[in-house]
Amino acid sequence: MNKPRFRWHILVFLAPAVIVYTAVMIFPLFNTLRLALYSRIDQERVFVGLENFRTLFFDPIWAEQFWNALGNNFWFFVIHMLVQNPIGIALAALLSHPRLRFAALYRSAIFIPTILSFVIVGFAWKLILSPIWGIAPTMLDWVGLKSLFAPWLGKEEYALTTLALVSVWQFVGIPMMLIYAALLTIPEEILEAGEVDGITGMSAFWKIKLPLILPSIGIISILTFVGNFNAFDLIYAAQGALAGPDFSTDILGTFMYRTFFGFQLQLGDPHMGSAIAGAMFAIILIGVCIYLFGIQTRMRRYQL
Amino acid sequence: MTRKAFTLAMMTTAFVAPSAFAQDATLTIESWRNDDLTLWQDQIIPAFEAANPGIKVNFTPSAPAEYNAVLNSKLGAGSAGDLITCRPFDASLALYEAGHLTDLSDLDAMSNFSNVAKSAWQTDDGSATFCVPMASVIHGFIYNKEAFEEVGVEVPTTEAEFFAALDAFKEDGSYIPMAMGTNDQWEAATMGYNNIGPNYWKGEEGRLALISGEQKLTDEAWTAPYATLARWGAYLGDGYEAQTYPDSQNIFTLGRAAIYPAGSWEVSGFNNLADFEMGAFKPPVQAAGDTCYISDHTDIGIGMNAASENAEAAKTFLAWVASPEFAEIFANALPGFFPLSSAPVDITDPLAAEFVSWRDECESTIRSTYQILSRGTPNLENDTWGASVAAIKGTSSPEELGEELQTGLASWYAPQQ
């Protein structure tokens with residue numbers, strides 16, 4: 001019997017992707033985790049084990065900043081889950097309505113902000129909400145609600161929520177598109193069969209369509225989670241690295257940036273910065289695992 | 001295309017390299033002041049080259065935000081220029097300690113500078129100076145002269161007069177009394193706290209006492225400026241909480257505000273933008289006749305790359321930067337950035353001249369948080385930004401702020417423990 005030939009072509013075809021991915025993703029990731037185990041003492045890089053993590057979680061000064069950033073991050077995520085995804089689903093349901101006119105126009109208009117740069121979005125909204133030149137106070141004035149206007153981005157109690165809503169505005173197109181695609185795959189026959197049984201209108205959505213798009217909603221939730229816990233750009237563009245006012249918009253990304261690269265007189269500390277990056281990685285990993293093993297595997301799927 | 005450029009580069013190197021062995025030398029300056037590129041190319045460098053034939057100078061700035069990172073990697077790779085523009089305090093001190101900057105203490109021209117001027121580029125014990133002080137910025141208030149005439153307000157010299165003036169503008173209603181926002185945070189600390197503060201902590205006396213641990217941030221001298229800042233909130237424009245630095249600049253130069261808490265670096269920009277006459281007054285003192293203190297903050301220095309192959313030529317250049325001739329050119333080409341040498345300099349721009357005239361009447365100091373005290377975690381400078389904003393908004397009392405800053409500083413700074 002012939003020994004089966006070693007199939008070289010598999011290696012050859014895998015190589016480019018593996019090499020590129022390792023060089024630009026896997027190696028930097030592990031190197032960052034490794035960097036977190038060192039510290040610089042008197043111009044010398046010293047191995048300190050988990051000391052940086054101990055400082056991050058238990059030193060009162062660091063811990064306060066860390067938990068503040070983590071708490072803000074959760075709030076940022078909660079707003080997205082409560083506002084962005086339901087609105088995305090509702091928009092998709094409306095768009096998939098067969099008798100809606102100009103559906104393509106609405107779809108593009110809502111999706112366009114997603115492709116804009118964070119810098120443009122941050123700057124544009126800063127101008128819109130500016131108490132001095134902004135159009136938000138003027139427009140509220142037209143309808144006689146000027147008294148409702150506040151310098152939202154400058155108030156500790158509103159700034160984070162405002163920025164989360166700006167981010168929702170920017171990204172609501174993503175869940176909308178994914179759900180829209182999922183809704184289009186639902187065969188007419190099922191809906192017609194439901195109609196025969198007397199399920200029409202809203203109850204068709206709740207009883208037939210929603211269960212069928214649940215897996216897509218799951219994917220969107222996990223994308224939102226990963227995206228939000230990696231967020232940085234919008235806060236940095238709108239509020240700067242100190243994430244003002246008084247760190248009320250500080251999330252893990254800005255906290256990591258400030259620590260790693262330094263800011264103004266604060267010199268950069270790559271080792272503590274890596275420790276924060278490591279913590280972010282762990283948080284996202286745990287979140288994704290909970291979803292994959294706790295939710296995804298138990299979700300009921302329907303053969304269409 | 002690329003190849004052609006590469007060949008060209010090789011050829012140029014081939015031609016330039018032998019000349020380096022002769023008397024001629026080409027010096028390259030690293031800097032973050034890309035705004036000043038034309039000034040260097042058209043005025044400073046020609047003046048130097050005319051006086052020192054045989055030495056050529058290239059000014060190669062990078063973007064301010066990237067400068068520290070770019071410089072560090074160039075120094076690490078050994079490709080940095082001969083002369084290095086120095087940021088004040090710890091950023092440059094770190095370069096000196098890593099062996100990238102030469103000790104310049106024995107440069108004769110160093111005697112042209114006061115100790116305050118040199119403090120930004122010295123080791124903590126003052127034994128070595130590694131950059132020649134080039135320029136400083138002075139804090140104060142710029143005001144709209146036409147607005148003051150219209151409303152009939154005198155230029156204030158004491159704190160009571162200052163708040164009386166603000167009240168008058170508020171009552172009149174046609175101008176925002178003072179243009180400043182708290183969105184970007186640093187103005188509150190830099191143009192607020194460190195602007196009016198030196199009058200409370202008596203300039204250098206208080207600043208050095210804080211470094212030595214004799215005074216604490218909870219002392220009256222250090223919390224009182226927060227109490228004064230707390231009164232500012234009422235005179236800033238509507239929605240000042242979300243007002244950014246460029247917003248404030250625009251509000252003032254459009255003539256909508258009467259007073260602008262400023263640094264002298266605004267002078268050339270404001271001269272171009274404002275079409276009304278401006279004046280400047282120094283931070284008001286508590287009672288008439290008190291000694292006044294101003295923040296005359298050391299901002300730019302220039303040092304020598306320890307790995308430079310043109311050490312002699314570089315020293316010649318540094319000696320020239322320390323001379324009155326350079327001071328004269330620099331001060332007039334860049335009004336608002338003042339040379340630090342002790343020799344008197346004629347400044348023609350009236351607004352800049354007003355700022356610099358305070359040096360004769362008042363005691364100079366630098367920003368309290370910059371030397372040594374912002375070295376640890378938490379960073380005192382960053383915390384001061386937050387504290388100044390909190391004071392203006394009234395979210396914390398001055399005593400609470402002092403307590404908070406002191407706890408943070410004492411957590412890592414031994415003399416304060």
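**Close-up views of a predicted two-chain model**

**Figure 1. Surroundings of B:Ser136 in the predicted model.** The side chains of B:Ser136 and B:Arg359 are joined by a polar contact of 3.0 Å. B:Ser136 belongs to strand β4 of chain B, which covers residues 131-144. Its relative accessibility is 0%, below the 20% cut-off, so B:Ser136 counts as buried. Leaving aside residues up to four places away in sequence, B:Ser136 touches B:Asp296, B:His297, B:Thr298 and B:Asp299. Under the same exclusion, B:Ser136 also touches B:Gly336, B:Phe337, B:Phe338, B:Leu340 and B:Arg359. B:Arg359 is thus both a contact of B:Ser136 and its partner in the polar contact.

**Figure 2. The largest nonpolar core, with B:Ile302.** This core holds 57 residues. The members that touch the most other members are B:Trp40, B:Val132, B:Ile302, B:Phe317 and B:Trp320. B:Ile302 is in contact with B:Val132 and B:Phe317, two of the residues just named. Further contacts of B:Ile302, not counting residues up to four places away in sequence, include B:Ile29, B:Leu83, B:Ile84, B:Leu104, B:Met134 and B:Val321. Another core, of 45 residues, lies apart from the largest one. Among the residues of this other core are B:Phe163, B:Ala224, B:Ala391 and B:Leu401.

**Figure 3. The interface of chain B and chain A.** About 2200 Å² is buried between the two chains, 61% of it on carbon and sulfur atoms. Chain B contributes 30 residues to the contact and chain A contributes 25 residues. Two salt bridges are found across the interface of chain B and chain A. One salt bridge pairs B:Glu241 with A:Lys155, whose closest N and O atoms are 3.2 Å apart. Four residue pairs, both residues at pLDDT 80 or more, are in polar contact across the interface. On the side of chain B that touches chain A, α4 (90-97), α12 (245-253) and α17 (380-393) of chain B each supply at least two residues. α17(B) gives the most to this side, with four residues. By type, the residues on this side of chain B are eight nonpolar, 13 polar and nine charged.

**Figure 4. Surroundings of A:Ala36.** A:Ala36 is located in the loop between α1 (8-35) and β1 (38-41) of chain A. With a relative accessible area of 0%, A:Ala36 is buried. Not counting residues up to four places away in sequence, A:Ala36 touches A:Gly49, A:Asn52, A:Phe53, A:His271, A:Ser274 and A:Ala275. A:Phe53 is 17 residues from A:Ala36 along the chain, and the C-alpha atoms of these residues are separated by 8.0 Å.

Notes: Residues are numbered from 1 along each chain as its sequence is written. Chains are lettered from A and ligands numbered from 1 in the order in which they are written. This is a predicted model: local features need pLDDT of at least 70, side-chain atom pairs count only at pLDDT 80 or more; totals for chains, interfaces and linings use all residues. Side-chain values use heavy atoms; hydrogens and water are left out. A nonpolar core is a set of buried Ala, Val, Leu, Ile, Met, Phe, Trp, Tyr and Cys residues joined through side-chain atoms within 4.5 Å. Buried means under 20% relative accessible area, exposed over 50%, partly exposed in between (1.4 Å probe, protein chains only). Contact means heavy atoms within 4.5 Å. Buried area is the accessible area (1.4 Å probe) that two parts lose on being put together, summed over both. A salt bridge is a side-chain nitrogen of Lys or Arg within 4 Å of a carboxyl oxygen of Asp or Glu. A polar contact is a pair of N or O atoms within 3.5 Å; within protein, one must be able to donate a hydrogen and the other to accept it, and residues adjacent in sequence count only if both atoms are side-chain atoms. Ala, Val, Leu, Ile, Met, Phe, Trp, Tyr, Cys and Pro count as nonpolar, Asp, Glu, Lys and Arg as charged, and the others, Gly among them, as polar.
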